Amino acid sequence: KFTMLGNTATHMPQGLGGLPGMTAMATHRMKKQIAAIGVPDVPEFLDQIVASGGHLWACRMSADMMHIDEDDLYEAVEGIISAADFIEKTEGAQLLFI
């Protein structure tokens with residue numbers, strides 16, 4: 001879901017964000033804009049990354065805060081790692097941070 005509350009990039013009056021139905025409208029509009037430029041859905045995008053040789057890791061701090069373990073994650077995620085682990089694993093690599 002996408003809300004325009006607090007998001008000045010929408011270029012819409014912030015007061016409208018609190019009205020009933022505005023989150024649904026904003027979400028629908030955002031999905032249409034994403035589809036119009038050909039961005040794949042998240043699962044398809046993750047599959048493309050892995051198929052092209054990319055690696056997926058989850059953030060340890062985020063996982064701990066959200067009480068998420070590896071069983072809850074997308075199957076292609078290789079593990080939950082800390083920032084220090086990430087720096088070590090990616091030394092000299094080309095990175096795509098999503």
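User: Let's start with Arg60 in this predicted model: is it buried, partly exposed or exposed?
Analyst: The model is a predicted one. Relative accessibility for Arg60 comes to 33%. Buried would need under 20% and exposed over 50%, so the label for Arg60 is partly exposed.

User: Which residue does Arg60 form a salt bridge with?
Analyst: As a general point, side chains of opposite charge can pair when their charged atoms come close. For Arg60, the closest N and O atoms of the pair are 3.2 Å apart, and the cut-off is 4 Å. The partner is Asp64.

User: How are Asp64 and Arg60 placed in helix H3, in terms of helical turns?
Analyst: Asp64 is itself partly exposed, at 44% relative accessibility. The two residues sit four apart in helix H3, so what separates them is about one helical turn.

User: How many salt bridges does a search of the whole structure find?
Analyst: Asp64 and Arg60 form a salt bridge. Searching the whole structure gives a total of one.

User: Helix H3 also holds Met61. What accessible area does the nonpolar surface patch with Met61 have?
Analyst: Met61 is exposed, its relative accessible area being 57%, and a patch residue needs over 30%. Met61 forms the patch together with Met65, Met66 and Ile68. Their accessible area together is about 450 Å².

User: Which residue other than glycine has a phi near 55°?
Analyst: Look in the loop between H3 and S2. The residue there is exposed, with 73% relative accessibility, and its phi is positive. That's His67.

User: What about the largest pocket: which kind of residue, nonpolar, polar or charged, accounts for 19 of its lining?
Analyst: The pocket has a volume of about 850 Å³ and 26 lining residues. Helix H2 (42–51), strand S1 (56–59), strand S2 (77–81) and helix H4 (83–89) each give two or more residues to that lining. Six of the lining residues are polar and one is charged. The 19 are nonpolar.

User: And which residues lie nearest the centre of the largest pocket?
Analyst: Five of the lining residues are picked out here. They are His55, Leu56, Trp57, Phe86 and Leu96.

User: Last one: how far apart are the C-alpha atoms of Ala35 and Glu70?
Analyst: Ala35 is in helix H1, residues 22–36, and is exposed at 56% relative accessible area. Along the chain, Ala35 and Glu70 are 35 residues apart. In space, their C-alpha atoms are separated by 30 Å.

Terms used
Residues are numbered from 1 along each chain as its sequence is written. This is a predicted model: local features need pLDDT of at least 70, side-chain atom pairs count only at pLDDT 80 or more; totals for chains, interfaces and linings use all residues. Side-chain values use heavy atoms; hydrogens and water are left out. Patches are made of residues with over 30% relative accessible area and no salt bridge: like charges are joined within 9 Å, nonpolar side chains (Val, Leu, Ile, Met, Phe, Trp, Tyr) within 5 Å. Accessible areas come from the Shrake-Rupley method with a 1.4 Å probe; for residues, only the protein chains shown count as cover. A salt bridge is a side-chain nitrogen of Lys or Arg within 4 Å of a carboxyl oxygen of Asp or Glu. Buried means under 20% relative accessible area, exposed over 50%, partly exposed in between (1.4 Å probe, protein chains only). On a 1 Å grid over the protein atoms alone, a cavity is a set of points where a 1.4 Å probe fits but cannot get out, and a pocket is an open set with protein on both sides within 12 Å along at least five of seven lines; lining residues have an atom within 4 Å of a point. Grid points are joined across faces, edges and corners, and a volume is the space filled by probe spheres set on the points. Ala, Val, Leu, Ile, Met, Phe, Trp, Tyr, Cys and Pro count as nonpolar, Asp, Glu, Lys and Arg as charged, and the others, Gly among them, as polar.
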